[in-house]
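I opened this model to look up two contacts, one inside a chain and one across chains. My notes follow.

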Amino acid sequence: MSTTAEAVQQTQADSGRKVHLIIERQDHPESEPYWEEFEVPYRPGMNVIACLMEIQRNPVNKKGEPVAPVTWEMNCLEEVCGACTMVINNKPRQACSALVDKLQQPIRIRPMRTFPVVRDLVVDRSRMFEALKRIKAWIPIDGTYDLGPGPRMSSEEQQIAYELSRCFTCGACVEACPNVNDKTSFIGPFAISQARLFNMHPTGKMNKEERLQALMGEGGIFECGNAQNCVEVCPKGIPLTTSIAVMNREVTYRAIGAWLRK
Amino acid sequence: MAVAQAAQHNREFLWRRLHTLSGVIPVGLFLLEHLFTNATALGGAAAFNEAVQAIQSLPLLHVIEFVFIFLPIAYHGVFGLYVAFVSGYNANRYSFGRNVMFVLQRVTGIITFVFIIFHLWTTRFSGNAPSFDMVHELVTNNAYFAFMIVGVIAATFHFSNGLWSFAIHWGITVGRRAQRITAWVTMIIFVALAAVGVASLIAFRMNV
């Protein structure tokens with residue numbers, strides 16, 4: 001659009017255009033889910049969040065019936081917090097970076113059912129926090145005296161660590177993984193990658209054994225069946241399957257080593 | 001105490017690792033041996049009977065059979081059914097290539113499990129002495145022949161794709177490129193082994 005006239009023309013063409021949404025809704029954690037269709041006015045460059053806000057502003061479904069507005073979570077609106085992750089057109093992704101212009105319509109939106117659904121698109125992702133606690137995804141530096149600066153990290157390791165550190169616990173990998181289900185207690189791909197990240201850190205290495213032990217324990221790395229959906233859906237392109245293989249190697253060494261040292 | 005607890009804690013890890021290991025050693029090795037023994041049928045009935053005779057003359061054959069073949073297959077098969085049962089299946093929603101392979105690995109595993117039981121029942125435990133004629137008799141039946149073809153393809157796929165997965169489970173292939181190349185290599189292995197198996201079956205049926 002080089003001139004104002006063209007811009008006006010474009011705006012006129014867009015007015016009256018609608019975005020068709022089909023949303024899987026659920027009123028309570030225990031109630032049955034149901035599909036509801038919505039049509040919201042199109043605006044150039046709008047994302048799925050903008051559509052949901054439009055529904056919030058005017059909570060009327062496609063049939064014209066007034067309904068309770070669709071509930072969802074959001075925070076940063078720039079794909080770094082992970083709060084607005086939902087399944088959009090069969091792909092778990094962030095609603096904020098899901099641009100309507102790039103999506104096929106009708107846009108089908110579902111909550112990530114791997115997690116307990118709280119309401120509509122809001123899910124309870126506390127299992128991810130529990131998984132991070134289990135693998136000790138932190139570096140203990142608190143003490144009664146100054147521990148001084150830790151050892152340095154090589155720049156190659158920094159590069160890898162940076163990639164891994166971009167995980168924002170959005171849950172896309174957990175949603176797509178077939179082995180995170182009712183029959184297993186698998187901690188999920190992201191947690192294995194985080195164990196790798198903290199085991200790489202020169203100070204984090206001091207708790208390496210504990211993290212490996214957690215990966216060999218209940219719901220650990222052996223639950224992975226190499227379906228590799230995680231790496232396909234990760235919005236940050238984190239090499240999750242490489243992390244899993246790296247940690248597989250570490251636990252293999254540890255298992256054999258532990259047995260030979262006894 | 002802590003060590004005992006840790007061992008208890010790691011039990012499932014060890015069972016799982018034993019499962020992936022047993023699939024390659026010795027079950028996978030036995031599959032290769034079995035396919036190549038059968039392939040001697042391509043050289044005619046006499047060649048096959050000679051190969052069978054060589055195996056029959058091994059010392060402690062029953063012990064070898066039980067410890068290195070029967071027990072590992074039984075463990076790999078039964079534990080594998082459990083693995084297939086606790087796996088989730090979402091290839092309908094997430095139809096990525098590897099996810100489809102994940103499903104196929106489990107489906108071919110179950111087919112192979114049923115196939116092996118039927119195969120053992122009609123050959124090893126049929127009461128007949130192993131010979132070219134005995135196999136020829138069996139595969140002349142069209143339904144049996146078709147079942148054998150399906151079984152051979154399922155077993156060779158399960159083994160080849162399992163090698164790919166084994167390499168990741170044991171931390172051998174780590175990077176994306178290594179895993180992609182291994183995927184191609186294992187699929188070539190699958191085609192080659194399936195071809196050997198099917199060619200042998202045809203040779204048994206044709207009786208050339």
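How far apart do the C-alpha centres of domain 1 of chain A and domain 2 of chain A lie? I am working from a predicted model, and in it the two centres lie 32 Å apart.

I looked up the bounds next. In chain A, domain 1 covers 14-123, and domain 2 covers 126-261.

Then I turned to the contact between these two domains. Domain 1 of chain A puts in 13 residues, and domain 2 of chain A puts in 12 residues. On the domain 1 side, I checked which elements give two or more residues, and found β3 (85-88) and β4 (91-94) of chain A. The largest share of that side is from β4(A), with 4 residues. By class, I have 6 nonpolar, 4 polar and 3 charged residues on the side of domain 1 that touches domain 2.

Second entry: the contact of chain A with chain B. I have 27 residues from chain A and 28 residues from chain B in this contact.

Which elements of chain B give two or more residues to the side that touches chain A? I listed α1 (2-9), α2 (11-24), α6 (97-122), α8 (142-169) and α9 (176-206) of chain B. Of the elements, α2(B) gives the most to this side, with 4 residues. I also sorted the side of chain B that touches chain A by class: 12 residues are polar, 10 are nonpolar and 6 are charged.

Notes
Residues are numbered from 1 along each chain as its sequence is written. Chains are lettered from A and ligands numbered from 1 in the order in which they are written. This is a predicted model: local features need pLDDT of at least 70, side-chain atom pairs count only at pLDDT 80 or more; totals for chains, interfaces and linings use all residues. Domain bounds come from an automatic or database domain assignment. Two residues are in contact if their C-beta atoms, placed from the backbone, lie within 7 Å. Ala, Val, Leu, Ile, Met, Phe, Trp, Tyr, Cys and Pro count as nonpolar, Asp, Glu, Lys and Arg as charged, and the others, Gly among them, as polar.
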